[in-house]
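Biologist: I would like a close look at one part of this chain, the disulfide and what surrounds it. Please take me through it step by step.

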Amino acid sequence: MRMLMMGAALVMMTSAAMTSAAMADGDDTKGAQKLAMQGRDDYWHCLAREYSRDSNQGLSEQDFGRSVASACPSERQYYRVALLDYLTTQYPTIDSGAHLATANKAVESAQKDIVTAFVKHRPPAK
């Protein structure tokens, strides 16, 4: 639960940063920010559906982690691309490789948070 709270705090901080930055810039940044936030929300909702699947109840942490890593491929890619577009629009002078690394880190963080929640909330082994 603590990791979910930390993940939620990270999401809120990211949202606040994207919102304040979008207000300072033009429509391109606002549009990119909106798409990045929508991509994030769609990806998180998809991961939440994966978390809730009954078929995951007996999985180990590693198996669930692999399942999450392969789940939601279109949502994951959309989130990555939308965040990359936002970062490129907001920070055009920063190398695109750094933006890609940041977008990949955001995806990995979402996956890690879901796996952590899964491990902490599954019933103890008998």
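Modeller: What follows starts with the whole chain, goes on to the disulfide, and then moves to the helices and the core around it.

The model is predicted. The secondary structure comes to 5 helices and 0 strands, and from the N terminus on the elements run α-α-α-α-α. The chain has 126 residues, of which 33% count as buried. It exposes about 7,700 Å², and carbon and sulfur atoms supply 59% of that area. Among contacts between residues at least 6 apart in sequence, 69% join residues at least 24 apart.

Now the part you asked about. The structure holds 1 disulfide, formed by C46 and C72, with their sulfur atoms 1.9 Å apart. This pair links distant parts of the chain: C46 sits in helix 2 (residues 27-52), while C72 belongs to the loop between helix 3 and helix 4, 26 residues apart. The torsion about the S-S bond is about -95°, so the disulfide is left-handed. Both ends are covered. C46 has a relative accessibility of 9% and counts as buried; C72 is buried too, with a relative accessible area of 7%.

Next, the helix that carries C46. Helix 2 has 26 residues, which at 1.5 Å a residue should span 38 Å; its end C-alpha atoms are 37 Å apart, in agreement with that value. Its buried residues are T29, A32, Q33, A36, G39, R40, Y43, C46, L47 and E50. The list includes polar and charged side chains, among them Q33, R40 and E50.

On the other side of the loop that holds C72 is helix 4 (residues 73-90), with 18 residues. From its first C-alpha to its last it reaches 26 Å, close to the 26 Å expected. Buried in helix 4 are R76, Y79, R80, A82, L83, Y86, L87 and Q90.

A residue that shows how helix 4 meets C46 is E75. E75 is found in helix 4 and, at 22% relative accessibility, counts as partly exposed. Leaving aside neighbours within four places in sequence, E75 is in contact with G39, D42, Y43, C46 and R49. One end of the disulfide, C46, is therefore among the contacts of E75, given that contact means heavy atoms within 4.5 Å. E75 and L47 are 28 residues apart in sequence, and their C-alpha atoms are 9.3 Å apart in space.

Two residues of helix 2 named above, Y43 and L47, come up again in the core. The largest nonpolar core has 21 residues, and those with the most contacts inside it are Y43, L47 and L83. Helix 2, helix 3, helix 4 and helix 5 each give two or more residues to this core. Helix 5 supplies the largest share, 7 residues. In soluble globular proteins, nonpolar side chains tend to be buried together.

Helix 3 and helix 5 also meet through aromatic rings. A search of the whole structure finds 2 aromatic pairs. One of them is F64 with F118, a stacked pair at 3.9 Å centre to centre with 15° between the planes. F64 lies in helix 3 (residues 61-70) and F118 in helix 5 (residues 96-121), so the pair ties together parts that are 54 residues apart in sequence. Both F64 and F118 are buried.

How values were computed
Residues are numbered from 1 along each chain as its sequence is written. This is a predicted model: local features need pLDDT of at least 70, side-chain atom pairs count only at pLDDT 80 or more; totals for chains, interfaces and linings use all residues. Side-chain values use heavy atoms; hydrogens and water are left out. Rings of Phe, Tyr and Trp (its six-membered ring) pair if their centres lie within 6.5 Å; planes under 30 degrees apart count as stacked, over 60 as edge-to-face and the rest as tilted. Helices (H or I, at least four residues) and strands (E, at least two) are DSSP runs, numbered from the N terminus. Buried means under 20% relative accessible area, exposed over 50%, partly exposed in between (1.4 Å probe, protein chains only). The expected span of a helix is 1.5 Å times one less than its number of residues. A disulfide is a pair of cysteine sulfur atoms within 2.5 Å. A nonpolar core is a set of buried Ala, Val, Leu, Ile, Met, Phe, Trp, Tyr and Cys residues joined through side-chain atoms within 4.5 Å. Accessible areas come from the Shrake-Rupley method with a 1.4 Å probe; for residues, only the protein chains shown count as cover.
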